[in-house]
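Reader: I'd like to learn how to read a model like this one, feature by feature. Can you walk me through it?

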Amino acid sequence: MRKKKRGGRPPMLQNVRTPRISSAPASLDLPHQCAAHVAHRQHTYAATPKYYKLGHKTILEKYVCNGELQLGSLQYYRLLEILTGDFWTGDINDGQAHTCFDEVKHNDAHTHETLSKVGIKVSMQDETSKLTGLRFIQVVDGYAFCCAYSDLQSLQSIDYNGAVEILDIRNLVERIKKAIFRGRPLSETFTIEDKLINYNGEKLYDGVAAQQVKSADGFTKTPDYRCQKEFRIFLKPLVSGDLDDFIKLTIDPTGLFGEVEDVDFGKQPLEHPQI
């Protein structure tokens, strides 16, 4: 596994291309872009952020635009990276928070109290004793409908060749909430939230410095993924248990989607970020 170099473009985005878009409008000046974006652009595109669902063009046309949505579980996306090495669609840390207490000393009363709140009672023989390498893994699971909030020119991807604008994101959320799942309204089985992804997540939180065990949520990812600019509709089960990899929902698509556009994000391989 390659280590991330300091400064410059994040390793996982070294070879990612911004899309070449057919039938782009007249040239417009783009605002300041993320440092990971490729400097050279063959086409310019209106820089007004919009909601887009990215995917394979045939899938977008046949299913998404007809109101047939497939939502993957966070567990599926975690396993996708582990089992296939797909670290762009997959993300081993999605829905997880890892907190480490590297060193807990005998006289560190604050950390002892923090640990007691999560059921860990620290008892040491003498003042020279210490506890090392204590780690907590918090996990949340559920299903995610993912899209991007950006202008198309700023987005990054690997092998998708299509994009469709979501014309009314609020209406989309409400129709998903009213969808029927296994004979019941979706809201009777899941809590449903929607928001932009927070890209300030860490692969490993310092529990001693923060004096807390970090909770997991469905809306936090590490900075490696910030150029995905993801907006997520997250379905968290009201009752915990095993989840299928995917669920399928059918909604009324009227007025929700624009025309599917051809986009070319390039086919260059990506370099795995440091875990």
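Author: Sure. Helices and strands here are DSSP runs, at least four residues of H or I for a helix and at least two of E for a strand, numbered from the N terminus. Keep in mind that this is a predicted model.

Reader: Let's use those names, then. Where does Gln211 sit?

Author: You'll find Gln211 in the loop between α5 and β12. With 28% relative accessibility, Gln211 counts as partly exposed, since that label covers the range between buried, under 20%, and exposed, over 50%.

Reader: What about the backbone there? What is the phi of Gln211?

Author: General idea to begin with: most residues other than glycine have a negative phi. Gln211 isn't a glycine, yet its phi is positive, about 55 degrees. Lys229 is another case, with a positive phi near 50 degrees. Lys229 also belongs to the loop between α5 and β12, and its relative accessible area of 24% makes it partly exposed.

Reader: On to helices. Which residues of α3 are buried?

Author: A handy rule: an α-helix has 3.6 residues a turn, so residues three or four places apart point the same way. In α3, residues 109-116, the buried ones are Thr111, His112, Thr114 and Leu115. Look down the axis of α3 and these buried residues fit within an arc of 160 degrees, so they line one face of the helix. Ala109 and His110 are exposed on the other side of α3.

Reader: And what do the buried residues of α3 pack against?

Author: Their packing partners are β4, β5 and α5.

Reader: I'd like a second helix for practice. Which residues of α4 are buried?

Author: In α4, which covers residues 169-177, Ile169, Leu172, Val173, Arg175 and Ile176 are buried. Down the axis of α4, the buried residues fall within an arc of 165 degrees, so these too line one face of their helix.

Reader: Now charges. How many salt bridges does the structure hold?

Author: There are 14 salt bridges. To count, a side-chain nitrogen of Lys or Arg must be within 4 Å of a carboxyl oxygen of Asp or Glu. Take Asp141 and Arg78, whose closest N and O atoms are 3.7 Å apart. This pair links distant parts of the chain, 63 residues apart: Asp141 is in the loop between β5 and β6, and Arg78 is in helix α2.

Reader: Is Asp141 buried or exposed?

Author: Asp141 is buried, at 18% relative accessible area. Arg78 is buried as well, at 8%.

Reader: What about Asp91 and Lys221: why does that pair tie together parts of the chain?

Author: Their side chains form a salt bridge of 3.8 Å, N to O. Asp91 is in the loop between α2 and β4, while Lys221 is in the loop between α5 and β12, so the pair ties together parts that are 130 residues apart in sequence. Both ends are buried: Asp91 has a relative accessible area of 2%, and Lys221 has 5%. The two also belong to a network of salt bridges with Asp94, Glu230 and Arg232.

Reader: Got one that isn't buried?

Author: Try Glu188 and Arg184, with their closest N and O atoms 3.3 Å apart. Glu188 is partly exposed at 43% relative accessibility, and so is Arg184, at 42%.

Reader: What does Asp262 contact with its side chain?

Author: Its side chain joins that of Lys57 in a polar contact of 3.0 Å. Asp262 lies in strand β14, residues 257-264, and is partly exposed at 37%. Sequence distance and spatial distance part ways here: Asp262 and Asn161 are 101 residues apart along the chain, but their C-alpha atoms are 6.0 Å apart.

Reader: Last one: the surface. Which residues make the nonpolar patch of about 310 Å²?

Author: Leu79, Ile82 and Leu83 make that patch. Leu83 is part of helix α2, and a relative accessible area of 67% makes Leu83 exposed.

Conventions:
Residues numbered from 1 in each chain as written. Predicted model: local features only at pLDDT ≥ 70, side-chain atom pairs only at ≥ 80, totals over all residues. Heavy atoms only, no water. Buried < 20%, exposed > 50% of the residue type's maximum accessible area, 1.4 Å probe, protein only. Polar contact = N/O pair within 3.5 Å; in protein donor to acceptor, adjacent residues only side chain to side chain. Arc of directions from axis to C-beta. Patch = residues over 30% accessible without salt bridge, like charges linked within 9 Å, V, L, I, M, F, W, Y side chains within 5 Å. Areas by Shrake-Rupley, 256 points an atom, 1.4 Å probe, with all protein chains shown as cover. Contact = heavy atoms within 4.5 Å.
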